[in-house]
Every structure is written in structure tokens, then in C-alpha cells.
Amino acid sequence: MATRKIIIKLGQHITDRIWHKVNANDPEYKGLDPITTDEMAEVALKMKKRTPYSPEVLAQKTGKPLEKVKEICDQLCLAGVCEFHVNKEGNKEFILPIYVPGSGEIWATNWDNVEKFPQIAQAFSNLAYVPLKPITSLVPIGGGGIAMHVIPVEKAIPAGTKTESFEHLSYWLKKYDKFAAIDCVCRHSQIKINEGTGDMGEEMCIIVGDLAQQCVETGRARRYHTYEEVLEILQRSEDLGYVHQVSNVDGENKIFVVCNCCVTSCYALRSSQLFNAPNMSRSNFIAKVDKEKCVACGRCVDVCPANAAKLGQKLCGKDGEVKYPRRKLPDAAIWWGHRHWTPEYRDRHDNCYDTGTAPCKTNCPAHVSVQGYIKKAAEGKYQEALALIKQDNPFPAVCGRICNRRCEDACTRGAVDGAVAIDDIKDFIARQELNGENAYIPPIVYDTYQPRTQKIAVIGAGPAGMTCAYFLARKGFPVTVFDKNAKPGGMLLTGIPSFRLEKDIIDAEIDVLRKLGVEFKCGVEVGKDITIADLRAEGYKAFYVAVGCQGGRLTGVPGETAEGVQTGIDFLYKVNSDESYQLEGRTVIVGGGNVAIDTARAALRAKSAEVSMFCLEGRSIMPASVDEIEEAEEEGIVINNSWGPKEILVEDGKVKGIVFKKCTRVYDDEKKFAPQYDENDTKTVECENVLFSVGQTIKWGNLLDGTAVQFGRGGAAVADSLTYQTAEADIFVGGDVYSGPKFAIDAIAAGREGAISIGRFVLKGHSLTIGRNRRKFIQINRDNVVVPSSFDNTPARQRPAKPDVLRAKETFRDLRVPLTEEQLKKETSRCLSCGASVVDSHVCIGCGLCTTKCEFDAIHLEKVFDGKMVPAEKMIPSIVKHTIKRAINVVTRQNDHKYN
């Protein structure tokens, strides 16, 4: 198609690129070309930028009839090339704005044009990037009349701080009486190129003044919004972690938009983050952490758009207080170019410094804020502690009873005088809500002005599936959980005996999901009663498959088909379904893991005359947790180490006994499972029951028939390790069906990631990976920390009172009791509070979002700059002045004190 010279001319007329000759490959041309007729261009060329013209003046300038000029001006406004304002006489005057912020955004908010001509979205993106590359390092604080300017969350500005009026959102909102919220153009254009990051931004940009009227009249906005509705949008954006920005081309007395921006989509924030030039965006404030109050909960880190906040350590190292690096900024070097940029800024979300942070948060698969909820519990704020846990884990009561306590294994205090009893503290907190009146129901935070409609099916009501449902429901998605069992709970319900996890505890925490709107359809086996194809036909847009490892394994030794042989998984299912189920005679359990321990203890309660365990591993390498081994032995169960099954003895089709052979080595030199035996060293044990707890299998049935899902080792589904998406695009997997048998907390962590992926997948045009927090943490070096002397006088580890063993082994009831409140206070005082957030003051843009998330009053804004907002006409003088000042500062380093 031939290049249109008049569009080249108009593009050159509007652009603010100095010494650049616009051509047909430039965004200035590509954005205008599909939406601007020659007549429209002729009129626009008669207008100076940012100068109002009446139709009468334009008619005189163009020689066209007045009515024709009015028609063309309306077309220019509809296309987005021009905007209008209403003068004192109430008449419209037309203005040719600059590209960004200006006509670029207005083009791209004509959704019909963007659908017809996707190049418009790309042109807008490029216009917010290409002209800025040469100058970002030269821009002063305040933005120099370029792009957008961050305005802090108003309540984050400390009382008594001397501020300028333009630093407050309320100042800007009170200047205008017309408001219209439109969909975010940055997010929309990212979605058009399939680079959305899960943030829709519907009605997130608040247009003010005459431009609001134009947006309503041209269909860009659905309607006018009231002042109160605008405040609701601002609050919702803060809840979602979006940055407030205002247009920054008209100085300190005028704006045309308040944007609520997501850093992974916003082009204005891109200009500061990609070019590593925060002056392009930043307010006059910087966030500072009160290290003594901080508990490294990570909420500030999660929300920080600039990745300025990261987790570090509070405890000093043996060489003194840890010093954290600060990122270099343009003022640190005269020549600032590509090597200083951060092109991967959307994926640059470091949760902590390389020197590490609190080991408890690091080693928890769900990265729960352990230090935070311990602090809340110490203050007696149990509901707040519970809310903090449920940010990452919807099942604290379940985990308080069955978690394998990796947080405690890594606890810094463990190297001093015993780990903090983290799980017992969590158990105490979680018990507070088992009474329904005290249940904590997390808020649902919508990022749209209307409820989500994309239906999602979760198949499997175990910890992974229900966690996925929980996090999707919290984002407002309609979720239905299907499970073949009569009640939800999965292996929590059918695979863990009640003396370890009472069913009413599972029910109580599942009830929270129901209150969030999750629907459960139990007694429905997908693949048998209904298929995935059927569910697609019913309108389900994505599937999360997490049916767990519901089958047990046998070892293949002779005699396994005899009556009296079963897997531990099958046996546990029976006793969990009917606690009156009994075993007659003596029972041998084969296996040394936690499931084997549960099986043995359940067999004792099922009236077995005698229970013993045999496992390959020596005592020191048994996979079962130490406390569970101790509980089993206290109940009289004998554990025989380093024995493997050789043969089951059978008489009249029934088990008569089992022969074991001595296991001499379980793992080879590469730590791979490769048991070796002494076949001549055997032991025969008489028994009537043999229960194998030596592994679990996945029972897929016909669930995935007809799909493209692939299977790998052990029959596990093959999926992407980050997104959990399978070869069938709308099917995601998680929990044991992906990883193999693991713990509930691992399934919970996987369920959350699955929810993130599905939440993006069902919103077309969104990437499953761009801008995603990988949630990678590093623990501090426990051998290189100095424990403060103030902890020398804290009490020894507190332990809950133990139940009567004789009574316990006779019942399936969980007779364990929690810590007393007095014990809780003592135990929480033992926490060394290892971690703390650290803010890189060079990078912080002063948005204040961190202060809205902190529940410990540990992070605040402080005014440290005196940047000004100047009109676009003063851009060049502003940049020149700062460039000279910057050159002097580079030499003298006079500017360093600003960032201390």
C-alpha cells in the first residue's frame, strides 16, 4: 500500500522527537494511517499542538465550510487524533494533543478501531517507548513534563508532612466535576499482542474534565461516574496493588486522567523500570522500613511495582550488620545506555536478597509468613494471625495437625536450643476459628466492575484442588469442584485417620470455601458419570485436575494375592469410611513412611491383636517424621529396621506369615533407591494380615480419555513446571498427580500456582508466564548469624500436654491438645525474628502501596525530594537544567545523600 504523504506530514507535525524525520515504518505513521482520512489530516495540520481552536477559526484556516469542519472535528475526536474542551461560553474548542500521553491513548481506547487495526495498539506501545529512549537518563525528579507522574496513596502520606497540593489525589479530584472511568488502554493493548499479565483493568482509568465528556460522547466510557464511585475505584485499585498516576504534561494545575497502573502492563511505568530511570515516574516520597517492627511477612515485596522492597535479614552476621546493595541510577554515570537498562523488568521480581531471609518462610513450600503470624499471636491478635496465614494457605487447621514442619527443621533457633514450635503455634491459632462464629472469610477482590463469568472446573477435592478453588474464588471466578467421593477432602478425608486429623476440622475449613462461593459436586466421577467434553459443552473454560494418588502399591513378592493382604491406602480408606472396621489376628505393616505409621496405628485401633512394622531403612533414615515414630512406639508398635519382604506365607488361601530378608543398603552411591539384600539372613513373622505401605499410585480411570494430556514416570501427568499446563491447553494439573506422593503443604503450594495460571488462561490474550512472581526464596546462613543476648533468658520450647497413651490407642478420636495460652505467649517469645524487609531507596518510586499492605506499621513514606510537575512546553529547559546539574553531581557525588 502506497505511503500517504499527508499522514507522514501530520505525524511529523505531532511528534516530539527532535531531529527525527518520520517515515512509514514509524509508530507516528502507523497509528494515524488507518484512522485518519486526508480531510481529517488537512484540518489537523492547521492546528498547533496543545492549542484550542474553534470550528470557526479552523474553517477560516482550511477554507472549508463551517458545517464540514465541525463534522471533521467530530471525526477527529472519535478517532482519537484530537480532543476537545468546553470554553467559558459553553462551546467546544478542538485541540491537537501530543502523542503520549495524549492522542496515542485516545486512539487506542477506540476499541472498534483497535479490533479492525491491531497496529494501533502496537503503535501506541512504541510511541510510549521509542521517543523516550534517548532522554530517560536525563529526566529530573517530577518527570520533566513527560508521560505520567506517581501520586502516593493519600493515607500513606504521614500526617504533618509538608507537601505540595499536587502530591495529593484529593487535590486533583476536587478540581473537576466530570469523571468517566474507561478500560485501561495499556492493559488492553498488551492483551491484543497476547502479553497480558492477568490484570484486566476494566474501568480502571479515570478520565476527568472535558476529556471525560469526550469519552462518554464517543463511546469510550459507558457513562459518567460520581465522585463517590471514583473513590471506590481508587480503593479497589489499591486493594489490587495498582499504582496511582496522573498525566504529567500540563504542570501542577491540570491533568486529564488518573490511571491505576499495573507495572507489568503500564507503558508509563515501563519508561522508568525498563530504562532503570525512576525519575520518569517517581513521586517525592520514598518508603522506609522500621526494622524493629518488620516481620518479613513479604506483603510489601509482593506489591512493590519497582521491586525496590525485598526480604533480607534482621539479625546481624558475625561481621556485623548486613549491608545491602543499591541499584545504580543514571545520576551515577554520565554515559547511560543499554547496558544499564532492565529489559526483563516485567519478570524481575526478586523476593529476597542473595544473602537470604527467614528460613521458616523460605522452606515452607507455600512460603507462609511464619514470622508474621507468630508476632500477631504474641500480641493476642489471633484473627489477624489467621488472616495472615490464609493469604497463602487456606488450611491452617489441617496443616497444624499433619504438616511435616519443614519450617521448624530450618528454624534458626534450632541451632541454639531447639526450633520454635511453629506448628503448635499455628494449631493454636487455627483452632480459634473452628467455631463457625469466628471463621475468617477472606475478601473477594474483583479487578473488574462486574463479576467474572468464566466457569472453572476443579476435578478432585483434595488439598491441591481445593486450594486452587480457594484462590480462584478470591478473584471472583465461579468454581465448581467435582469429586467421586461422597464428601470433599480427598486424601485428607480418606487417607489420614481421624486420630491425626478429625473430619470436623476438614469440614470447617471447607465450609470457608463454600462461603467464598465454591460449589461442590460430590459423588460425581469425571470420566465415568460425566466427561471433560461434557463439561466443556456446559461452558467450563478450564480444568484443574488434582485427583491425588489414591491407590497403594504392592512389592511383587510371592503370596500377595492371599486373603489378608492389602495396601495401607486401601485399609485407611476402609477405616476412614467406617471406624467399626476391624482386623482379626496379628498385623504386619511393610513400610517406613508416615503412611505406614498411620496404617500401623490405625490397625491397632481396628482391634488387631498385635501390630509390628518392618522397613528397608535404618532408624536414622526412616522417611517417617520423628514425632510420629515416637507416638507409634509409645502405643506399643514395634518397628523393625533394615528388613525387606521376601515372601508371604499362605495356607488355605489366607495369610499365615511373612518372610523378610536383611536389607544391607537402601541407596546407591548416587543416592538413588537401589536396595541390596542378604538373601541368607531372613526372619519369619507369623501373622494374619499384611498391609503394604510402600508407595502410592494414580487411579486415572477414564478421566483424561480423549485428551492430549501426556503421562510420565509413575503415570504422573506431564505439565509445565511453572504453569502446570498440560499438552491439552485448557487442562492443568497439580498435587500428587503431577509430583508424585508428597505432603499436603506441597499440594497447597501447587494449587495456588494452578489458580494463577488458570486465572490468566481463561482471560484471552494473557501470558501464563510474563510478570509472574516465581516465589523463589533463599534462607540466611544460620551459621553466620549472631543471636542477640536478649534471647538468652527466653524459656525452653513449650510442648502441648500428651494424651494418655492407653486411652489414645483405643480410640480414633484425636486426643491431642493445643498449647495453653500461657504456653503460647512463652513460645512466641522464642522467635528470633530473623527476617526483615529492605527497601532500595534508589529504586523506590514512592507509590505508598507497601504501606497499605503492612499490618505491622513497619513501613512508611518519607518525603525526600522536591520535584515539580511542569508542562510539556518546558520539557527541554527542564531536561537541560537537570543534565547540567547531573553532570556536576556525578563529579562531586553531591547527590548521594538524597538516597541514604
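## Exercises on a predicted model

The sulfur of C468 lies 16 Å from the closest cysteine sulfur, that of C522, which is too far for a bond. The structure is a predicted model, and the exercises below start from this cysteine.

**Exercise 1. Work out how many disulfides the structure holds, and describe the surroundings of C468 and C262.**

Step 1. A disulfide requires two cysteine sulfur atoms within 2.5 Å, and the separation of 16 Å between the sulfurs of C468 and C522 is therefore too far for a bond.

Step 2. The count for the structure as a whole is zero disulfides. C262, likewise, is in no disulfide, and the nearest cysteine sulfur, which belongs to C184, is 8.3 Å away.

Step 3. Because buried means under 20% relative accessible area, C468 is buried at 0%, and C262, at 9% relative accessibility, also counts as buried.

**Exercise 2. Decide whether helix 16 is largely enclosed or open, and identify what its buried residues pack against.**

Step 1. Helix 16 spans residues 370–378, and seven of its nine residues are buried, so the helix is largely enclosed by the rest of the structure.

Step 2. The buried positions in helix 16 are V370, Q371, G372, Y373, I374, K376 and A377.

Step 3. These buried residues pack against four helices and a strand, namely helix 15 (359–363), helix 17 (382–389), helix 20 (422–431), helix 31 (821–828) and strand 25 (835–839).

Step 4. After helix 16 comes G380, a residue with a positive phi, near 75°.

**Exercise 3. Assess how the radius of gyration of the protein chain agrees with that of a compact globule, and describe the chain as a whole.**

Step 1. A compact globule of 900 residues would have a radius of gyration near 29 Å, and the 32 Å of the protein chain agrees with this. Along the principal axes, the C-alpha atoms fill a box of roughly 110 × 65 × 55 Å.

Step 2. The secondary structure of the chain comprises 33 helices and 26 strands. Of the contacts between residues at least 6 apart in sequence, 75% join residues at least 24 apart.

Step 3. Of the 900 residues, 59% count as buried, while the chain exposes about 36,700 Å², of which carbon and sulfur atoms supply 50%.

Step 4. The protein chain carries 117 positive and 117 negative charges, and the mean positions of these two sets are 6 Å apart.

Definitions and conventions: Residues are numbered from 1 along each chain as its sequence is written. This is a predicted model: local features need pLDDT of at least 70, side-chain atom pairs count only at pLDDT 80 or more; totals for chains, interfaces and linings use all residues. Side-chain values use heavy atoms; hydrogens and water are left out. Helices (H or I, at least four residues) and strands (E, at least two) are DSSP runs, numbered from the N terminus. The radius of gyration is taken over C-alpha atoms; the globule rule is 2.2 Å times the number of residues to the power 0.38. Buried means under 20% relative accessible area, exposed over 50%, partly exposed in between (1.4 Å probe, protein chains only). Contact means heavy atoms within 4.5 Å. Accessible areas come from the Shrake-Rupley method with a 1.4 Å probe; for residues, only the protein chains shown count as cover. Lys and Arg count as positive and Asp and Glu as negative; His and the chain ends are not counted. The place of a charge is taken as NZ of Lys, CZ of Arg, CG of Asp or CD of Glu.
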